[in-house]
Amino acid sequence: MTKTQKGKGRFLSGNEAAAEAVRLCGPQVIAAYPITPQTTLMEKLSEFVAAGEMSAPCKLLLVESEHSAMAAVMGAAMMGSRVFTATSSQGLLYMCEMLNYVSGSRFPVVMANANRGTATPWTIFGDQRDSFAMRDSGWIQFYVESGQEALDTILQAYRIAELPDVMLPVMVNIDGFTLPHTYDLVQVPEQKAVDAFLPAFKTFNKLSLEAPKCMSFAYGPDYHLESRCLQQKVFDEAVGVIERVDEEFYGLFGRRYHGLADTYRCEDAELVLAVTGSAAGTTRVVVDKLRAEGKKVGLIKVRCLRPFPAKFFASLNSPQNSCKVLGVLDRNISFGLEGGLYTDAKASMYRPGAKINTLGFVAGLGGHDVSKADIEVMFGKLANLAEGKPEEEHQFIGMRWA
Amino acid sequence: MKPRLIRDFHFPARPEELAFGVCTDAGVLTTANSGWRVFRPVLDASKCIRCLFCWVYCPDGVIGKEEKDLTIDYDYCKGCGVCAHECPKKAISMVKEGE
């Protein structure tokens, strides 16, 4: 039996896989407000709580809004509880204020966000404009490719968040509807394996009558800058922790995701496409097809938006690296500039005389499908640029009118 | 003179002395508010009847009642004047800083 066959293989949607992870991690308090496409995740968790199937006694709080959901889990975290919440889209935007409270006060809240576009135009369908809008909220942000990765990343998220050197909140982004509502075979680890990986949560950063605390207070102009510098340093620290925890996870569960960014067939690749989330699966298939045709193409799967794999992108510019043109697929857009991932990737690679050319693609907004054909078109454009043919730097791909 | 709960204020000398996130032990205030003040409250103890209205109303908890006479912690008093406004005996007057 190989390591990957450990535990039970079960036919689960991405939301159900995420709920299984939360059940195994045993938060003491869950607070959430329903929103598509997160809803079935919370439905599953409420079934677990009602049936007493959570791995630890759990209180499910039904709150009146997402702002209250985040405030409620922050309150529980202040008492030293392991907590969980989940949301999507407008719900995440509504939480925005509390996201910043939680991160600045260093409460290790774990949240699943089933990605969905933001109104208006109103949409219930998937893109990553919701979580990209929360980029600067001080949360670690993961993007996953499958239900299995959603489950595994939530296990890792609690481990990372609760380490004393980190103590940051973590958002696990699950591309709606592609992942939350698609069923796939998922390995659900056994409880004792999870318990070995994730110790009970203990923190000094909590309220108690014996050791009174002052929490979530103000820093005036005299130290505000210094406190933000410390917050940035914690993110620097988190880079190594995320990589280390992934290694540790691999040792116990036989699955790994390679820290902040994973690569596929990049060893000698000249044309490389960087993506987040579910588009990675589609891109793997296209890379295999183009490789079979003899084209030197590869995939970068950006797993973490924050902390950003800046060193990894910088390394693409080294003379030893085969990459000639980097394309970036964004399922989000910052109006007035470009896709957010593209901005960060370019900035990380910048140096005078950089050898790599870049193209930014925006696709898959509001549930618009990112097809294999679309990915092929993107690689075709990277090839054009490599051959010296002109290409616009910013392009929308897959539009009805090309 | 400070209320007993509040420890003496000192500026953190090193990053390690900054609070963990913005949470720390109770009784530590990170920033002295005294620089905000234009008028400072001055208590005339001879008029004070220790009704403790000022102690209750002070939004920053800078009124101390441990001593025989009430005290005011000028590190953290921001000079809002609520105490003077609420005092039924007009025992607190607001005096311009520097005068």
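Mentor: Two strands count as paired if DSSP finds at least two bridges between them. The model discussed here is predicted.

Trainee: Which residue stands opposite A:D262 in β12(A)?

Mentor: Strand β10 (residues 261–264) of chain A is joined to β12(A) by four bridges. The two strands run antiparallel. Within β12(A), the residue opposite A:D262 is A:K301.

Trainee: Is β12(A) mostly covered or uncovered, and how many of its residues are buried?

Mentor: On one side of β12(A) lie A:V297, A:L299 and A:K301, and on the other A:G298, A:I300 and A:V302; all are buried. Both faces are thus covered. The strand is mostly covered, and the number of its residues that are buried is six of six.

Trainee: In which sense do β11(A) and β12(A) pair?

Mentor: A:L273 stands opposite A:L299, and A:A274 stands opposite A:I300. Strand β11 (residues 271–275) of chain A also belongs, with helix α9 (residues 279–292) and β12(A), to a right-handed β-α-β unit. Five bridges link β11(A) and β12(A), and the sense is parallel.

Trainee: Which residue of β14(A) is the bridge partner of A:V272?

Mentor: β11(A) is joined by four bridges to strand β14 (residues 325–330) of chain A, and the two run parallel. The bridge partner of A:V272 in β14(A) is A:L326.

Trainee: Why is β11(A) largely enclosed by the rest of the structure?

Mentor: A:L271, A:L273 and A:V275 point one way from β11(A), while A:V272 and A:A274 point the other way, and all are buried. The strand is largely enclosed because the number of its residues that are buried is five of five.

Trainee: Which helix gives the most to the largest nonpolar core?

Mentor: In soluble globular proteins, nonpolar side chains tend to be buried together. Here the largest nonpolar core has 114 residues, and those touching the most other members include A:A18, A:I154 and A:A274. With eight residues, the helix that gives the most to this core is α6 (residues 147–162) of chain A.

Trainee: From which domains of chain A does this core draw at least three residues each?

Mentor: Chain A is divided into two stretches of assignment, 3–201 + 220–253 and 261–396. The core draws at least three residues from each of them, namely domain 1 and domain 2.

Trainee: How many residues of domain 2 of chain A are in contact with domain 1 of chain A?

Mentor: The C-alpha centres of the two domains lie 27 Å apart. On the domain 1 side, 26 residues take part, and these divide into 12 nonpolar, nine polar and five charged. The number of domain 2 residues in contact with them is 19.

Trainee: How many residues of chain A are in contact with chain B?

Mentor: Chain B brings 13 residues to the contact. These divide into eight nonpolar, four polar and one charged. The number of chain A residues they are in contact with is 18.

Trainee: Which residue of β1(B) stands opposite A:K213?

Mentor: Strand β9 (residues 213–215) of chain A and strand β1 (residues 23–25) of chain B are joined by three bridges. They run antiparallel. Opposite A:K213 in β1(B) stands B:D25.

Notes. Residues numbered from 1 in each chain as written. Chains lettered and ligands numbered in written order. Predicted model: local features only at pLDDT ≥ 70, side-chain atom pairs only at ≥ 80, totals over all residues. Buried ≥ 20, exposed ≤ 12 C-beta atoms within 10 Å, placed from the backbone. Right-handed = clockwise from strand over helix to strand, strands pointing away. Core = buried A, V, L, I, M, F, W, Y, C linked by C-beta atoms within 7 Å. Domains from an automatic or database assignment. Contact = placed C-beta atoms within 7 Å. Nonpolar A, V, L, I, M, F, W, Y, C, P; charged D, E, K, R; others polar.
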